[in-house]
Amino acid sequence: MFSDFDRLAMQRALTLAVRGLETTDPNPRVGCVIAQHERIVGEGWHERAGEAHAEIAALGAAAGQTAGAHVYVTLEPCSHHGRTPPCVAALAAAGVTRVVYATADPNPLVNGRGAAGLAAAGIAVEAGLLAQEAAALNAGFFKRMQQGRPLVRVKLAMSLDGRTALANGASRWVSGEEARRDVQRWRARSSAVLTGVGTVLADDPRLDVRLAAEPDTAPRRQPLRVVLDTQLRTPVGARLFASGGAVLILTALGAADEARAAQLTKRGASIESLPGVAGRVSLPAVLDRLGELEVNELLVEAGPTLAGELLRESLADELLLYVAPKLLGPTARALVALPELQTLAEAPVFTLFETGQVGEDLRLRLRPGAVASSRGEA
């Protein structure tokens with residue numbers, strides 16, 4: 001049974017973990033609190049891959065006040081040598097007597113082994129405190145470890161009548177300035193941003209993070225920009241190449257023009273060929289490859305065709321939808337491209353799990369999946 005202080009300490013550890021929201025990639029976001037007799041003596045969080053884990057940072061902050069201490073950490077402590085030494089050994093050497101962690105680490109190098117190592121060292125181990133909150137903070141890391149693919153978050157912006165652009169293609173700006181700034185924050189936490197070549201040709205987006213860095217911190221990490229481009233139509237002068245950060249162009253096997261590929265490579269792009277389906281790059285193959293590249297969270301900023309295909313193939317984990325308080329009319333362009341439905345029962349259904357107002361716009365977060373409900377006839 002967990003005490004009120006246990007919950008307070010774990011909540012504090014989660015708050016600390018959030019500080020690494022934009023910086024820990026490809027590692028999970030983890031926070032740690034160390035307490036003596038319900039008095040916090042040290043705390044820390046994992047800041048960047050290759051740097052100290054949360055437990056090590058907290059042990060350092062505790063400055064020798066660790067003998068007999070209780071430790072609260074949002075993820076099972078590691079027991080293997082990776083970029084850094086194992087945290088289990090450091091906790092045992094520090095003389096702590098109890099470790100409470102929120103959720104097991106899905107990494108097969110850790111899962112269960114961390115807890116076993118602590119127990120073998122004579123440390124009391126308890127798990128499951130605020131587990132859902134800790135798992136949600138690292139949903140992309142968990143999915144990659146368990147399924148080999150990143151969490152796919154599809155960002156869309158529409159008018160009240162479900163339109164994204166005028167019939168002539170004009171779309172700047174459907175959403176307001178504050179909503180566009182909010183998208184920058186979602187980019188900053190993402191491992192990669194994905195789009196299609198059609199969007200590159202139509203809008204020439206940068207897809208980078210343009211938020212100012214915090215004082216006394218390193219420049220912001222830029223997400224990998226990924227373009228699906230079967231025929232290598234990405235212009236060599238595209239703004240993707242001028243804004244810093246890596247650009248990966250994924251094309252279909254046997255479809256790449258070698259001369260064109262050389263031009264884009266010279267411009268700074270990495271080009272890879274993947275299996276194709278019906279003249280386009282296979283989306284499951286794309287996600288498998290991005291998982292291999294340690295992409296945890298993938299933000300999709302694309303047109304209705306790619307967004308619709310991700311939904312049709314059940315590859316999207318979440319919709320990040322901005323709704324602007326304006327009407328564009330029946331000739332304006334639709335939100336996503338989907339096959340024509342014959343019955344309402346065929347309509348994709350979503351579960352709304354978060355709402356919020358961002359400036360003048362409404363931000364909705366939805367998960368694909370059936371909603372259990374009963375609808376009577378009017």
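This briefing describes the sheets, the helices packed on them and the cysteines of the structure above. The model is predicted. An open sheet of 9 strands follows the order S11-S10-S9-S8-S14-S6-S15-S18-S17, with mixed pairing. An open sheet of 5 strands, also with mixed pairing, follows the order S2-S1-S3-S4-S5. A search of the whole structure finds 0 disulfides.

**The sheet of 9 strands**

- The order of this open sheet is S11-S10-S9-S8-S14-S6-S15-S18-S17. Its edges are formed by strand S11 (269-274) and strand S17 (350-358); each has a single partner strand, so one side of each lacks a neighbour in the sheet.
- From one strand to the next, the twist of this sheet averages 25°.
- Strand S6 (residues 151-158) runs parallel to strand S14 (residues 297-300), the two being joined by 4 bridges. Within this pair, Val152 stands opposite Leu298 in S14.
- S6 also runs parallel to S15, to which 6 bridges join it. Here Met158 has Val323 of S15 as its bridge partner.
- S15 pairs with strand S18 (residues 361-368) in the antiparallel sense, over 5 bridges. Leu320 stands opposite Arg365 in S18.

**Burial of strand S15**

- Strand S15 (residues 318-323) is mostly covered, with 6 of its 6 residues buried.
- In a regular strand, side chains alternate between the two faces of the sheet.
- Both faces of S15 are covered: one side carries the buried residues Glu318, Leu320 and Tyr322, and the other carries Leu319, Leu321 and Val323, which are buried as well.

**Helices on the sheet of 9 strands**

- With the sheet S11-S10-S9-S8-S14-S6-S15-S18-S17 as reference, the twist averages 25° from one strand to the next. Helix H7 (residues 177-189) packs on this sheet and touches S6, strand S8 (192-196), S14, S15, S17 and S18. The direction of H7 makes about 160° with that of S15.
- H10 packs on the sheet as well, where it touches S6, strand S9 (224-228), strand S10 (247-252), S11 and S14. The direction of H10 makes about 130° with that of S11.
- The buried residues in helix H10 (residues 283-292) are Leu283, Ala285, Val286, Leu287, Leu290 and Gly291. H10 is followed by Glu294, which has a positive phi, near 65°.

**The sheet of 5 strands**

- The order of this open sheet is S2-S1-S3-S4-S5. Strand S2 (39-45) and S5 stand at its edges with a single partner strand each, so one side of each has no neighbour in the sheet.
- The twist of this sheet averages 15° from one strand to the next.
- Strand S1 (residues 31-36) and S2 run antiparallel and are joined by 6 bridges. In this pair, Ala35 stands opposite Ile40 in S2.
- Helix H2 (residues 54-62) packs on the sheet and touches S1, S2 and S3. The direction of H2 makes about 140° with that of S2.
- Strand S4 (residues 98-103) is largely enclosed by the rest of the structure, because 6 of its 6 residues are buried.
- S4 pairs with strand S3 (residues 70-75) in the parallel sense over 5 bridges, and Thr103 in S4 is the bridge partner of Leu75.
- S4 also runs parallel to strand S5 (residues 124-127), to which 4 bridges join it. Tyr101 stands opposite Ala127 in S5.

**Helix H4 between S4 and S5**

- Together with S4 and S5, helix H4 (residues 113-120) makes a right-handed β-α-β unit.
- Gly114, Ala115 and Leu118 are buried in H4. Seen down the helix axis, the buried residues of H4 fall within an arc of 100°, so they line one face of the helix.
- These buried residues of H4 pack against helix H3 (87-94), S4 and S5. The face of H4 turned away from its buried side carries Arg113 and Ala120, which are exposed.
- Just after H4, Gly122 has a positive phi of about 85°.

**Cysteines**

- The search of the whole structure gives 0 disulfides. The cysteine sulfur closest to that of Cys32 belongs to Cys87 and lies 8.4 Å away, too far for a bond.
- Cys32 is buried, with a relative accessible area of 0%.
- Cys78 is in no disulfide, and the nearest cysteine sulfur, that of Cys87, is 3.7 Å away. A disulfide requires the sulfur atoms to be within 2.5 Å.
- Cys78 also counts as buried, at 6% relative accessibility.

Note on methods
Residues are numbered from 1 along each chain as its sequence is written. This is a predicted model: local features need pLDDT of at least 70, side-chain atom pairs count only at pLDDT 80 or more; totals for chains, interfaces and linings use all residues. Side-chain values use heavy atoms; hydrogens and water are left out. Buried means under 20% relative accessible area, exposed over 50%, partly exposed in between (1.4 Å probe, protein chains only). Two strands pair if DSSP finds at least two bridges between them. A crossover is right-handed if, with the strands pointing away from the viewer, the path from the first strand over the helix to the second runs clockwise. Axes are lines fitted to C-alpha atoms, for helices over the stretch in contact, and angles run from 0 to 180 degrees between N-to-C directions. Contact means heavy atoms within 4.5 Å. The arc is that of the directions from the helix axis to the C-beta atoms.
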